[in-house]
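Thanks for coming. I will take one structure today and go through it piece by piece. Please have a look at it before I start.

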Amino acid sequence: MNAPGAGSCRRAGCPNSIPAALANEQLCLEHFLDDAFLRTDQTFGRCREGRAMNPADVEWLLSDALAIVKNLEEKASDPQPQHRDRMLELLLMLANLHEYVAHHSVQLDRPA
Ligand SMILES: [Zn+2]
């Protein structure tokens, strides 16, 4: 039986526990970072192909993911260097995405 509370990562076979900042995502830090990088990459990929961005992804990346990474970065008392590097890299990518969206009047295919 699983213990109540944050528990462990929802990815099958992942034994890592969930940091408080990721309770809503139900992911460990590593899987959260994997996810965020993948979605940022896909979002930029769609732009390069001239396709509309997925508004749900853009919204998640620029609000949830950004807030979570900032939170993790501030609260981590002893971040592992490789996690810290990835968090900073992700922050940079999210900043780029933010710029991109602001300057290109990106077409979001919002449902009418
Ligand atoms: Zn995990």
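The buried residues of α3 pack against α1 and α2. This is a predicted model, so please hear every value that follows as computed from it. The residues of α3 that are buried are H83, M87, L90, L91, M93, L94 and L97. As a general point, an α-helix has 3.6 residues a turn, so residues three or four places apart point the same way. The helix α3 has 23 residues, and from its first C-alpha to its last it reaches 33 Å, close to the 33 Å expected at 1.5 Å a residue.

Now α1, which covers residues 29–48. This helix has 20 residues and a reach of 28 Å between its first and last C-alpha, again to be set beside an expected 28 Å at 1.5 Å a residue. The buried residues in α1 are L29, H31, F32, L33, D35, A36, F37, T40, T43, F44, G45 and C47. What covers them? The cover includes α2, residues 55–75, and α3, residues 81–103. After α1 comes G50, with a positive phi near 75°.

One residue on that list is an aspartate, so let me stop at D35, which sits in helix α1. Why does D35 count as buried? Its relative accessibility is 17%, and the cut-off for buried is under 20%. Setting aside neighbours within four places in sequence, D35 is in contact with R11 and L27.

For α2 I have one residue to show, K75. Is K75 buried or exposed? K75 is exposed, because its relative accessible area is 63% and exposed means over 50%. K75 and A21 are 54 residues apart in sequence, but from C-alpha to C-alpha they are 9.0 Å apart in space.

Next, the metal. Which atoms coordinate the zinc ion? They are the SG atoms of C9, C14 and C28, together with ND1 of H31, at 2.0 to 2.3 Å. Along the chain, these donors follow the spacing C-x4-C-x13-C-x2-H. The arrangement is tetrahedral because the four donor atoms subtend angles of 103 to 113° around the zinc ion. For reference, the ideal angle for four tetrahedral donors is 109.5 degrees. H31 also appears among the buried residues of α1.

Two of the cysteine donors, C9 and C14, are both buried. C9 counts as buried because its relative accessibility is 6%. For C14 the figure is 11%, so C14 counts as buried too. A search of the whole structure for disulfides finds zero.

Last, the chain as a whole. The secondary structure comes to three helices and zero strands, and from the N terminus the order of elements is α-α-α. How much of the chain is buried? Of the 112 residues in the chain, 35% are buried. The chain exposes about 7200 Å², and carbon and sulfur atoms supply 49% of that. Counting contacts with a separation of 6 or more, 53% are between residues 24 or more positions apart.

To go back to where I began, α3 packs its buried residues against α1 and α2, and the cover over the buried residues of α1 includes α2 and α3. That is what I have; I will take questions now.

Notes
Residues numbered from 1 in each chain as written. Predicted model: local features only at pLDDT ≥ 70, side-chain atom pairs only at ≥ 80, totals over all residues. Heavy atoms only, no water. Donors = N, O, S within 2.8 Å, 3.2 Å for Na, K, Ca; no water. Tetrahedral: all angles 85-135°; square planar, octahedral: opposite > 155°, others 65-115°. Buried < 20%, exposed > 50% of the residue type's maximum accessible area, 1.4 Å probe, protein only. Helix = DSSP H or I, 4+ residues; strand = E, 2+ residues; numbered from the N terminus. Contact = heavy atoms within 4.5 Å. Areas by Shrake-Rupley, 256 points an atom, 1.4 Å probe, with all protein chains shown as cover. Expected span 1.5 Å × (residues − 1). Disulfide = S-S within 2.5 Å.
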